[in-house]
Amino acid sequence: MPLELLAHPFSSYCQKVLTALYENATPFTFRLLGPDDPDTFAEFAAIWPIRRMPVLIDNGRPVVESSVIIEHLGLYHAGPMRLIPADPDAALVVRMLDRFCDNYVMTPMQKIVGDHLRPEDARDPHGVAEARALLETAYSWLDDRLAPEGWAAGPEFTLADCAAAPALFYADWVHPVPVELATLRGYRARLLARPSFARAVDEARPYRPIFPPGAPDRD
Ligand SMILES: N[C@@H](CCC(=O)N[C@@H](CS)C(=O)NCC(=O)O)C(=O)O
């Protein structure tokens, strides 16, 4: 039975997993989680009551959480691109950067986006200000840490880059990376040029009009 991914092309965490799948040209069936397919959504909600996408189904076995899905793919559907290094110490660095991108870039970005979905009288300006401050700190830390070439953890593209790509892509839309952080801006540009992530971004283009704060006219 082929792998199935319950996902939406415009979702940042789905793009993280799609990037990993495309890196290895892993065959899978994309099952769209959208308003037009209530059956797929009901299946998703039954599998994962937390209702956060994506969910991978591997021969009937559901796998949740994007980082774990990518680890699962490396264990059971390995391809030529090893997204988690074999060396355990190098793997720790990759996992730390993956956590960094999810917790300190993706989470505040989602907070800013999510605030636009709230009713006017339930907005959270204080929480949004905190999210913006966290993004500033995260951007600065990444800019200091990244090399001017290559990827987050070194010369190889890894899980950390799968996480960084959609996180920085959308974070820059809602809170632009300052021009003085040239290393980080260069890294975001390299991620956008990586064919695996570029494909995920292209597939999501038709959904840009639904970006809650309004999508800018650029990648
Ligand atoms: N920790 C989860 C986060 C997944 C997540 O937040 N997914 C978002 C889409 S990018 C979602 O399903 N949001 C739906 C909602 O918040 O109701 C992962 O790594 O997979």
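The paragraphs below lead through a predicted model, beginning with the ligand and the residues around it and ending with one histidine in a loop.

A good place to begin is the ligand, because the space that it takes is the largest pocket, a pocket being an open set of grid points with protein on both sides. Around the ligand stand Ser11, Ser12, Tyr13, Arg51, Arg52, Met53, Glu65, Ser66 and Gln110. When the residues of this shell are sorted by character, they divide into 2 nonpolar, 4 polar and 3 charged.

Some of these residues can be followed down to single atoms, and in each case described here the partner is an oxygen atom of the ligand. Serine 66 places a polar side-chain atom 2.6 Å from a ligand oxygen, while methionine 53 takes part through its backbone, where an N or O atom lies 2.8 Å from an oxygen atom of the ligand. Arginine 52, in turn, has an N or O atom in its side chain that is 3.5 Å from an oxygen atom of the ligand. Taken alone, the ligand exposes 510 Å², and the protein buries 72% of that area.

The last stop is histidine 116, which is found in the loop between α4 (88-115) and α5 (125-145). Is histidine 116 best described as buried, partly exposed or exposed? Its relative accessible area is 37%, and because this value falls between the limits of 20% and 50%, histidine 116 counts as partly exposed. Although histidine 116 and glycine 214 are 98 residues apart along the chain, their C-alpha atoms are separated by 9.5 Å.

Notes: Residues are numbered from 1 along each chain as its sequence is written. This is a predicted model: local features need pLDDT of at least 70, side-chain atom pairs count only at pLDDT 80 or more; totals for chains, interfaces and linings use all residues. Side-chain values use heavy atoms; hydrogens and water are left out. A residue is near a molecule or strand if one of its heavy atoms lies within 4 Å of it. A polar contact is a pair of N or O atoms within 3.5 Å; within protein, one must be able to donate a hydrogen and the other to accept it, and residues adjacent in sequence count only if both atoms are side-chain atoms. Accessible areas come from the Shrake-Rupley method with a 1.4 Å probe; for residues, only the protein chains shown count as cover. On a 1 Å grid over the protein atoms alone, a cavity is a set of points where a 1.4 Å probe fits but cannot get out, and a pocket is an open set with protein on both sides within 12 Å along at least five of seven lines; lining residues have an atom within 4 Å of a point. A molecule sits in a cavity or pocket if more than half of its atoms lie within 2 Å of its grid points. Ala, Val, Leu, Ile, Met, Phe, Trp, Tyr, Cys and Pro count as nonpolar, Asp, Glu, Lys and Arg as charged, and the others, Gly among them, as polar. Helices (H or I, at least four residues) and strands (E, at least two) are DSSP runs, numbered from the N terminus. Buried means under 20% relative accessible area, exposed over 50%, partly exposed in between (1.4 Å probe, protein chains only).
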